[in-house]
Amino acid sequence: MSKNMEPNNKPKRLSSYFVSVETTRRFYGALATFFSLASSFFIISSLSVFQFGLYQLLLSFIAILQGFNAGIVANVVVVEIRRYFNTHKLKEAKQLFLESAFVRISLALVLFLVAFLGAEVIARFYDQDISSIIKIGAILIIIHTLQSVQTALLKPALIFSYWASPAIREVTKFLLLAVLFFYSTLSILNVVTVHIIGEAVALVVITLWSFIKAYGHFFGGLKSERRLTMFAEILKKYGGFIFLRYGLAQLTKNSMPWLIKFFINVEAVAFYSLSLNLVAFVEKLMPTQGIGEVLLLRIDNKNQASFIFTKAVKYTVWLGSILFVLGLVVIPNVIPLLFPNYVPALPLVIIMLMVLPIYGTYKLLKTTLTILREYKILTLRLFNEVIILPLGSLIFLPTLGILGAGVVYGIVYIERVVLFYSQLVKKYPEFKLKWGGLMKFDSLDKEIISKVGRQFIMAARSFFVKT
């Protein structure tokens, strides 16, 4: 590891860097997905549809709370620290890191107390006592915040071992769930406890494996002042949009299970959650993370950034369309085989899969706007979603049942793409797409795909030999 902020101590071809990033991510992502699906089999096989829906409601509640902490400034801090790294201002990067870590950990403790003390109130709305489950689950707020603090250093430092965190978590969960499944019983309390242990193990491993070493390497020996001025400056400049964006984002992202429960029932929450997880599994096959890291390196050169953006949109639209077709073939055969009680969710999965052709474009637009620090634009879509989600749920859930959740899901993504793209090209015309070019396959596309394909094979071989 070098304090030079370019990967491998020197500038690399963007295609090589993209492949290196995606190969690492794909390995850990595939590992996490495999064990996550295996764990889901144990959970869904042991819990009733109602219990699984209740478990998902609990996770969404915790996610809403923690969204008002780690999510509020996570991406903003990452972008700012990376910009300091680009100009070799390590002292400033360390100061911002420490300030943001102090504030976020303090907020996490407050939110933990809110969830812990409010557990009894929430439990009154259910026939069964889930107070103890909520109190235990509240620990996730602290763990996720510490993980986010780690990422705020590892991501801008281009150390991607943090991608191993989900894999470590899922392997741990799988092993513990397997023991309980075969030798004991699985209850909601057991499942939540196992989830927490998995997250804790991942946190400890990444801390010992990468974080301590990275912190010492980049920040060791640098004197920092004990003040909160840098963090305060960020909040002063972007604060209103940051808090609105990330606070509303977590609220809208995790409110759908509660809307489904209100308009339909808890069992419908289970169908929606399984459908969302299956579609998310397919979405993870899109190479948006590697493209985002490349954009992060080249965003100060608008010509290079716009070229990368244009090509990336074309390829993600193509790949999304292919994944949509494959999903239509594979998933309807997987659900009846592995989760027979969830066959009613099949039509919902199909509706949600229709988003895949534009999903990559949405992720690229979001990443580009984040790196450009256009937090006002990113916040605008949340005002729309605050209206779309409840209004769409009011219209479609009572009339179409659980299928209405799929309709609302599609409307939300279409609105995001239209809003983000229109605002991006309005302020940065160089990012304007030539829509006719999306369907054309020219010699440059052939060269890029061929080169990336060869590099993927070489990188995969090298990675697995090292691993």
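In the predicted model, Phe271, Tyr272, Ser275, Leu276, Leu278, Val279 and Val282 of helix H10 meet Leu348, Val349, Met352 and Leu353 of helix H13. This contact involves 10 nonpolar residues, 1 polar residue and no charged residue. H10 spans residues 266-283, and H13 spans residues 346-353. Their axes come within 9 Å and cross at roughly 40 degrees. H10 and H13 are therefore oblique to each other. The crossing of H10 past H13 is right-handed.

A second helix pair is formed by H14 (residues 356-371) and H16 (residues 403-427). The axes of H14 and H16 lie 9 Å apart, at an angle of about 45 degrees. This pair is therefore also classed as oblique, since angles under 35 degrees would count as roughly parallel and those from 65 to 115 as roughly perpendicular. H14 and H16 cross in a left-handed sense. On the H14 side, the contact is made by Ile358, Tyr359, Thr361, Tyr362, Leu365, Lys366, Thr368 and Leu369. H16 contributes Tyr413, Ile414, Arg416, Val417, Phe420, Tyr421 and Leu424. By class, the residues of this contact are 11 nonpolar, 2 polar and 2 charged.

Serine 210 was examined as a single site. This residue sits in helix H8, which covers residues 188-219. Its relative accessibility is 6%, so serine 210 counts as buried; the cut-off for that class is under 20%. Apart from neighbours within four places in sequence, serine 210 is in contact with Leu154 and Ser161.

Notes
Residues are numbered from 1 along each chain as its sequence is written. This is a predicted model: local features need pLDDT of at least 70, side-chain atom pairs count only at pLDDT 80 or more; totals for chains, interfaces and linings use all residues. Side-chain values use heavy atoms; hydrogens and water are left out. Helices (H or I, at least four residues) and strands (E, at least two) are DSSP runs, numbered from the N terminus. Buried means under 20% relative accessible area, exposed over 50%, partly exposed in between (1.4 Å probe, protein chains only). Contact means heavy atoms within 4.5 Å. Axes are lines fitted to C-alpha atoms, for helices over the stretch in contact, and angles run from 0 to 180 degrees between N-to-C directions. Angles under 35 degrees count as roughly parallel, over 145 as roughly antiparallel, 65 to 115 as roughly perpendicular and the rest as oblique. A crossing is left-handed if the near helix is turned anticlockwise from the far one by less than a right angle, and right-handed if clockwise. Ala, Val, Leu, Ile, Met, Phe, Trp, Tyr, Cys and Pro count as nonpolar, Asp, Glu, Lys and Arg as charged, and the others, Gly among them, as polar.
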